[in-house]
Amino acid sequence: RLDCAAIPITVRELLEGEAPVELASGTADASSGTATIELEVTLERAGPRLVEVSLEPPAGDEVSANDTRLLDFHVARDRVRILHVAGRPTYDVRALRMFLKADESIDLVAFFILRTLQDRTEADDSELALIPFPVDELFTEHLPSFDAVVLQDIDAVQYKLQRHLPALASYVRGGGGLIMVGGPSAFVGGGYADTPLEDVLPVQLEGGDEPFDRGQFVPRYTDAGRAAPILEPLRQLLDERLPRMSGSNTLGASRPGALVLWEHPERTTDGPGKVPMPLLAVAEVGDGRSIALGVDSTHRLAFSDLGAQAAGRGHGALWEGLLGWLMRDPRYEPASMSLSGPCIEGEPTLLRLTALPTMEGAVRLELSGLGTGQSAGGEPLRTLEPKERDGRTYLFDLGDLPAGGYIARATLGDAPPTRFVFACEKAGEAWADSRPDPQRLERIATATGGVAARWDRLGELPQPTVTLVAALRRTRPLLPPWGWTLLASSAMGVHWLLRRTSGLS
């Protein structure tokens, strides 16, 4: 008999490329056979999440496979919480802030700097009505409560953001969203080069002597930009036409795994192997996503001759797509995925992928582990090609997977990847509760004409009636012995007569 008076319970969230994060813990008293424990759990990030509930087994536990269960959740908010921080009140800042405030599904916290540290005022700081920028409070205490952070043309050095950049990078890897919007004080111009935040951006930061170029240009779509559902609403309004914009940040080449959606028609990246300079790029970073937008003129999608042709809706169409992709809105994912059945350790697992009608190109699937011990260094466990295809539905054989959490990331042609989170358990629901079910056993016994009894009352079961089994073998010859003798003698006599009559001696 197990000692179940005090069983420690731990609840953890599994993350990609990072150690699991403990959400809650407690102690259950199951000495009576069952126990109920209530633990308050807060999942900070929206989207699909995987939670591990485990107990420390007491001594003598023979069935340890059900001491850990994996639960998948799709976390959604009534209102998406966004932090918008801008360095100066420009036309682009105003247009984005008005768009975010007008959306009832967005809970916006916005700060933009009205007075720089170099501005001279005739009054003392204590007499000014301006609210100080609460940089420490926002990026320490309140950062995990935001679904996405928008940094727009703000200097990290001047406004004391530098010491919070490591925490902001960890926030993105842990499932948060980040958009850096261009301007003279963004990217290299804002002191973000060679910082931890650069590692989570889709592009490398290089600026040289000119981190921001004020020349006019018309951004150009890439093949990925034409295929991405992120920009589909904008393309439906304006096709591939874009307004003339002023000013572009100097950006380097895209990082491995990132996708460039817009590029500069004239400027190229520095260094060997020059390529057109990215203007809009997206990337998956750990559990989160990031976007780099190296322009500060997206308001011209609403306020320009071209923008007027779509009644000014182009600006909203662009930002709806960017924020929707950042929040993993299914409308902006190129495909949907599901398992053909529960994933059980040691048994084949099939995954079904259904692509959107507009998606074309080769399909590839990468399988990675959640938590530690599944895929070191963020490298995928397996890279798979489709096993079967039926129209726009692809079937992948994931093989036999060990118990744990997994992320399947699918890439369709040039479109940004989409991902699917799932759990694989040992024996699945069959091991959820290994205790016998007396009521079910009694129903089975009644249906089959038997009798049900507890293990400690087996002696009371009626014994079956003794049945004697006897075997008797009887043989009966075809003819008696004298009959066989007479038959043989007759055959010899007939043979002798035939020989004599034929002249044979």
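**Close-ups of a predicted model**

**View 1. Glu-425 sits in the loop between β24 (418-424) and α8 (438-447).** Keep in mind that this is a predicted model. Is Glu-425 buried or exposed? Glu-425 counts as buried because its relative accessible area is 13%, and the cut-off for buried is under 20%. So who does this loop residue meet? Setting aside neighbours within four places in sequence, Glu-425 is in contact with Thr-68, Arg-69 and Leu-70. Cys-343, Ile-344, Glu-345 and Ala-403 are in contact with Glu-425 too.

**View 2. Val-363 belongs to strand β19, which covers residues 363-369.** Here's another buried residue: Val-363 has a relative accessible area of 5%. Once you leave out residues up to four places away in sequence, Val-363 touches Leu-353, Glu-385, Pro-386 and Tyr-394, and also Phe-396, Thr-411 and Leu-412. Now look for Glu-345, one of the residues in contact with Glu-425 in View 1. Val-363 and Glu-345 are 18 residues apart along the chain, and 26 Å separates their C-alpha atoms.

**View 3. Four strands make an open sheet, in the order β17-β18-β22-β21.** The pairing here is antiparallel. Which strands stand at the edges? They are β17 (335-339) and β21 (388-390), and each has a single partner strand, so one side of each has no neighbour in the sheet. On average, neighbouring strands of this sheet are turned by 25° against each other, ignoring direction. Zoom in on one edge and you'll find three bridges joining β21 to β22 (residues 393-400). For a pair to spot by eye, try Glu-388, whose bridge partner in β22 is Leu-395.

**View 4. Strand β12 (residues 245-249) is mostly covered.** How many of its five residues are buried? Four of them are. Strand β10 (residues 212-217) pairs with β12 over four bridges, in the antiparallel sense. To find your way around this pair, start at Phe-212, which stands opposite Asn-249 in β12.

**View 5. Leu-478, Leu-479, Trp-484 and Leu-487 make a nonpolar patch on the surface.** The patch comes to about 460 Å². Trp-484, one of its members, lies in helix α9, which spans residues 481-501. Why does Trp-484 count as partly exposed? Its relative accessibility is 45%, and partly exposed is the range between under 20%, which is buried, and over 50%, which is exposed.

Terms used. Residues are numbered from 1 along each chain as its sequence is written. This is a predicted model: local features need pLDDT of at least 70, side-chain atom pairs count only at pLDDT 80 or more; totals for chains, interfaces and linings use all residues. Side-chain values use heavy atoms; hydrogens and water are left out. Patches are made of residues with over 30% relative accessible area and no salt bridge: like charges are joined within 9 Å, nonpolar side chains (Val, Leu, Ile, Met, Phe, Trp, Tyr) within 5 Å. Accessible areas come from the Shrake-Rupley method with a 1.4 Å probe; for residues, only the protein chains shown count as cover. A salt bridge is a side-chain nitrogen of Lys or Arg within 4 Å of a carboxyl oxygen of Asp or Glu. Helices (H or I, at least four residues) and strands (E, at least two) are DSSP runs, numbered from the N terminus. Buried means under 20% relative accessible area, exposed over 50%, partly exposed in between (1.4 Å probe, protein chains only). Two strands pair if DSSP finds at least two bridges between them. Axes are lines fitted to C-alpha atoms, for helices over the stretch in contact, and angles run from 0 to 180 degrees between N-to-C directions. Contact means heavy atoms within 4.5 Å.
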